[in-house]
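The report below accompanies a sequence and its three-dimensional model. Please keep both in view while reading.

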Amino acid sequence: MKEGRPRSFYVLAIFFAAYVLFLYGPMIAIYVLSFQGPQGGLTFPMNGVSTFWIAKLFQGTGIVDLGAAFRRSLLLGVIVMIVTVVLSVAAGMAFRRRFRAQSILFYSAIASLIVPSIITSLGISLEFRIVDDLIKAHWNENFETSMSLLTSGLGAHLTWTLPFGLLIMFAIFNRFDPRLEEAARDLGATPWQAFRHVVLPIILPSVIGIGLFGFTLSWDELARSSQAIGAVNTLPLDLQGLTTTVTNPDIYALGTVISAVSFTVIALALGTIHVLNRRQAAKGSDAGQGLV
Amino acid sequence: MDTSVDVLQQASPDLVRGGDTARAVKAARLSPSFVSWLQAGPMMLVFLAFFLIPLVFVVIVSFWDYNEYQLLPAFSGRGYTDTFEGCIAQLPDLCTIAKTYLKTLKLCFLVWAITLFLGFWVAYFLAFHVKSKTWQMGLSLLCTIPFWTSNVIRMIAWIPLLGRNGLVNSGLMKTGLINHPVEWLLFSEFSVVLALVHLFTFFMVVPIFNSMVRIDKALIEAAYDAGASGLQTLVNVIIPLSKPGIVIGSIFVITIVMGDFITIGVMGGQQIAAAGKIIETRVNALQFPAAAANAVILLAITFLIITMMSRIVDIKKEL
């Protein structure tokens, strides 16, 4: 910018920097504090530097069985991610044309996004309890519960991730040029080929974005899990349970480990998106490079 | 025209997940609305099974009876009468539920006002002052990344700063501004509002930014050429055109805070009552009809707020 910036630019730039500091400052504080020395407490100053608390976490001593919770959350996150991507892309394709019940689906998604999580969670838990009671009364007296990580828990998470997936698909197809597909069709592509070799390569970066939302929102999800996850806990639920009895930095260590997973996934996704965008920019779309 | 669009629509990953071309060709003969159903159906089913039917159950169960340990499927208004207990008898004093909702609305208003202020200016900076697309993308990403990380961790993160021996207190003591640690920094209404603002300003930034980038820059130049001051341009051009984003962001923030029980629980030291927390408490006591009744009340109030706000703007048009 040669023309010189107005004064408001500098004022707002400082404002923005302060906001970013506000966003990241506290998080960075606990990442640093999780490397406290063995004698260290919950606050600054640091009492030596060590990986004592993180190592302690992996030894599984002290707090609840975190390894199991970790694996459960990871499993659920991956499944939620896959289901969110597949269902969102499919529904996004459907929305490119009018169909009956279109607005019902749209408003369901929006409502699912803004109805308070505790209500959705309570509803799912009631639904499963009532189903359990019916099964006990009519079929099997010894039946315990149909509520579990991959039934009610998966459903609860999807009510949170699917609306984001659908909205991202809307954003994609708002800027999508349908002539590319028509060209493919004119060249004799079947609908599947047009999707696989034209549409998918173009929307792939955003589809990875949907996957990123799917995994991270599930990995950190708490409010919807709270009533609907069944007997076992996910990692965020265990972490929340620990907040009431914080006495030493192992809670920070746990926070750091959970965040490390989030940041790894974010970096992987953003890196892939970046590479794909670069490739698209360099070569044009690679649509049509291969045939089935 | 119809058929061309129809044929394109066959390209559903659902239909042809097997990658079987023969099936895709066969699918092309299916009626278009059937294909749409196959594409959108799975998502609709998820919402039906895990959102719409559960909501119906919430309403039904709110009219059931209960005892100490189980649900009794018989009509009863007990969930509601228990909730509003004392509301008439105690007049003119407010009953518990009224006080709780007033407190929740107050938190809601504070968080809304602060996130709107922060969100508006952050979005304004990104949309109008950051000229390069790369920088715009990078800085937006910087604001988004925390949203992909854990909320609980972002709450806990305030403990080393705001606690009794935290950075803020020790800093203030060192400078001699205070002699004793300030107690209201953590596990108080202050920390609840702070954490909510910290967590959810994102929901304000994104829709407002979206509205702002759509504003034709020529309009702003026109206002400038017509002699409008910066403030006049802001008030008469930018704010009205950002209104959809402002409304959508406000709906997000308000509904989140209205139903929140985790942030209020963790940051309030489990001491602050709020609309969402009542539901949690009732569930923990296994009083499901009372929990459901509270959920219905919360839902009704949330719905009321959204209806009022969506009068101002057509949400569907803005997405």
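How many bridges join strand S1 of chain B to S2(B), and do the strands run parallel or antiparallel? In this predicted model, strand S1 (residues 64-66) of chain B is joined to S2(B) by 3 bridges, and the two run antiparallel.

## The strand pair of chain B

Within this pairing, B:Trp64 is placed opposite B:Phe75, a residue of S2(B). Strand S2, which spans residues 71-75 of chain B, has little cover, since the count of buried residues among its 5 residues is 0.

## The two chains in outline

Chain A contains 11 helices and 0 strands, and its pattern along the sequence reads α-α-α-α-α-α-α-α-α-α-α. Along the principal axes, the C-alpha atoms of chain A fill a box of roughly 75 × 70 × 40 Å. Of the 292 residues in chain A, 45% are buried, and among the contacts of chain A with a separation of 6 or more, 77% are made by residues 24 or more positions apart.

Chain B, by its side, has 16 helices and 2 strands. Buried residues account for 41% of the 319 residues in chain B, while 65% of the contacts in chain B between residues at least 6 apart in sequence join residues at least 24 apart.

## The contact between the chains

The contact draws 83 residues from chain A and 87 residues from chain B. On the side of chain A that touches chain B, helix H1 (residues 7-33) of chain A gives the most, with 16 residues. That side of chain A is made up, by class, of 58 nonpolar, 18 polar and 7 charged residues.

## The largest nonpolar core

The largest nonpolar core holds 149 residues, of which A:Leu122, B:Val58, B:Ala292 and B:Ala295 touch the most other members. Helix H8 (residues 191-219) of chain A supplies the largest share of this core, with 14 residues.

One of those four residues, A:Leu122, can be followed further through its contacts. When its neighbours within four places in sequence are left aside, A:Leu122 is in contact with A:Gln227 in chain A and, in chain B, with B:Val58, B:Ile279, B:Val283, B:Ala291, B:Ala292 and B:Ala295.

## Helix H8 of chain A and its kink

H8(A) is mostly covered, with 24 of its 29 residues buried. Although H8(A) has 29 residues, its end C-alpha atoms are only 35 Å apart, which is short of the 42 Å that a straight helix would reach at 1.5 Å a residue. Where in H8(A) does a kink lie? The kink, of about 60°, lies at A:Leu204, shortly before the proline A:Pro205.

This proline also figures in a pairing across the sequence of chain A: the C-alpha atoms of A:Pro205 and A:Asn277 are 72 residues apart along the chain, yet are separated by 7.0 Å. A:Asn277 belongs to helix H11 (residues 250-283) of chain A, and it counts as exposed because it has 12 C-beta neighbours inside 10 Å.

## A buried glycine in helix H6

A:Gly153 lies in helix H6 (residues 149-174) of chain A. Is A:Gly153 buried or exposed? A:Gly153 is buried, because 25 other C-beta atoms lie within 10 Å, where 20 or more are required.

Not counting residues up to four places away in sequence, A:Gly153 touches A:Leu76, A:Ser148, A:Ser225, A:Ala228, A:Ile229 and A:Gly230. A further long-range relation links A:Gly153 with A:Val80, for their C-alpha atoms are separated by 9.9 Å while the two residues stand 73 residues apart along the chain.

## Positive phi outside glycine

A:Ala101 has a positive phi of about 70° although it is not a glycine. A:Ala101 sits in the loop between helix H3 (66-94) and helix H4 (102-114) of chain A, and it counts as partly exposed because it has 14 C-beta neighbours inside 10 Å.

In chain B, B:Phe187, likewise a residue other than glycine, has a positive phi near 55°. B:Phe187 is found in the loop between helix H9 (167-175) and helix H10 (189-213) of chain B. With 20 C-beta neighbours inside 10 Å, B:Phe187 counts as buried, because the class begins at 20.

Conventions. Residues numbered from 1 in each chain as written. Chains lettered and ligands numbered in written order. Predicted model: local features only at pLDDT ≥ 70, side-chain atom pairs only at ≥ 80, totals over all residues. Contact = placed C-beta atoms within 7 Å. Helix = DSSP H or I, 4+ residues; strand = E, 2+ residues; numbered from the N terminus. Nonpolar A, V, L, I, M, F, W, Y, C, P; charged D, E, K, R; others polar. Core = buried A, V, L, I, M, F, W, Y, C linked by C-beta atoms within 7 Å. Pairing = 2+ DSSP bridges. Expected span 1.5 Å × (residues − 1). Bend = angle between axes of the 7 residues up to and from the residue.
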